[in-house]
Amino acid sequence: MAETRAEKVSDLGARAAAEQKARKAARDASRKIEAKETTAEKSKIVPPWEMGADGIELVDTHAHIDGEDFDADREEMLARTKAAGIVAVVTFGDTMEASARAVSLAASHETVFAGVGVHPENAFPFTQAEIDRLAAWTKETRVIAIGEIGLDYYWEKDEEKRALQRKMFTRQLALARDLDMPVCIHDREAHGDLMTILKTEGRKNRGVIHCFSGSWEMAKELLKLGWYLGVDGPLTYKNAAKLPEIVEKMPADRLLVETDCPYLSPLPYRGKRNEPAYVRLTAERAAEIRGQSLEELAAQTTKNARTVYNLK
Ligand SMILES: [Zn+2]
């Protein structure tokens with residue numbers, strides 16, 4: 001009896017073990033299916049150039065497509081941009097060399113417009129020769145703005161060099177006024193000095209504060225002074241901070257969408273190289289925040305882009 005029972009017990013044990021094994025196998029199999037579905041979901045993310053046939057038209061109002069990040073595939077990238085419904089790309093120089101490259105890209109591509117200027121991170125003792133060169137470039141085809149100019153106190157902690165940034169910035173603002181051209185302004189952790197300059201020397205300038213990173217209070221002041229505000233990929237991030245509130249509250253006729261590519265890719269491309277086609281993802285998020293359709297937001301921001309930069 002005892003033996004039989006023992007056998008039975010061991011039988012039961014074996015069956016239990018077998019069942020456990022089967023359950024584990026089933027779980028593993030379902031996990032594998034799940035994993036497959038996740039991969040499939042990911043590959044279902046349709047790149048913007050495959051959605052462009054829906055008639056949505058956007059302008060990427062701030063890009064840097066002259067650099068080496070695009071050397072391997074610039075023409076393909078621009079073809080994708082067009083296929084994604086991006087009707088114009090405004091590319092900005094951030095050094096004299098990059099400005100020269102931006103000018104030649106605008107000259108050779110109908111949908112590319114250029115801004116020329118020196119970015120605060122690349123500040124150097126500016127002479128009349130550089131001012132003359134920037135002025136001469138603005139006479140070239142599809143050169144429509146002075147930029148990217150501004151102040152960057154995040155990267156620059158040295159007070160003397162910050163003073164140099166301010167000098168270079170105000171000089172380029174003066175050039176834009178002389179030429180009656182809009183400017184594109186970079187401001188990182190220099191809000192106080194930027195506002196002071198824009199209310200004094202810069203009060204007759206017009207244009208865009210790109211990749212806006214200030215508060216709603218600052219936004220209101222800038223809007224009152226007539227400035228447009230550009231928003232980029234970070235609007236799509238979970239830690240977008242104050243930006244969604246600003247995008248929600250600001251008047252529609254001052255909002256611009258931009259990439260700042262190759263930097264600041266929107267989700268789901270965060271961490272990868274950004275390109276003008278991805279401006280659509282930032283536009284989608286802006287439309288969602290404002291409770292508008294993408295069609296409406298695209299039509300409005302494209303109109304704004306054409307107005308502020310006089311794109312033809
Ligand atoms: Zn930029």
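Helices and strands are taken here as DSSP runs, a helix (H or I) needing at least four residues and a strand (E) at least two, numbered from the N terminus. On that basis this predicted model has 10 helices and 8 strands.

Begin with the whole protein, coloured by burial if your viewer allows: of its 312 residues, 44% are buried. If you then draw the contacts between residues at least 6 apart in sequence, 72% of them join residues at least 24 apart.

Next, select helix α6, residues 191-199, and show the side chains of L194, I197 and L198, which are buried. Looking down the helix, you will find that these residues cover an arc of only 95° around the axis, which puts them on the same side of α6. Turn to the other side of α6, where G192 and K199 are exposed. Returning to the buried residues of α6, add what covers them, including strand β4 (143-152), helix α5 (159-179) and strand β5 (183-188).

Keep β4 selected and extend the view to the largest nonpolar core, which has 80 residues. This core receives the most from β4, which gives 6 residues. To find the residues with the most contacts inside the core, select A114, I146, L229 and A286.

As a last stop, centre on A286 and, leaving aside its neighbours within four places in sequence, display the residues in contact with it: V231, L235 and V247, together with L255, V257 and L297.

How values were computed. Residues numbered from 1 in each chain as written. Predicted model: local features only at pLDDT ≥ 70, side-chain atom pairs only at ≥ 80, totals over all residues. Buried ≥ 20, exposed ≤ 12 C-beta atoms within 10 Å, placed from the backbone. Contact = placed C-beta atoms within 7 Å. Arc of directions from axis to C-beta. Core = buried A, V, L, I, M, F, W, Y, C linked by C-beta atoms within 7 Å.
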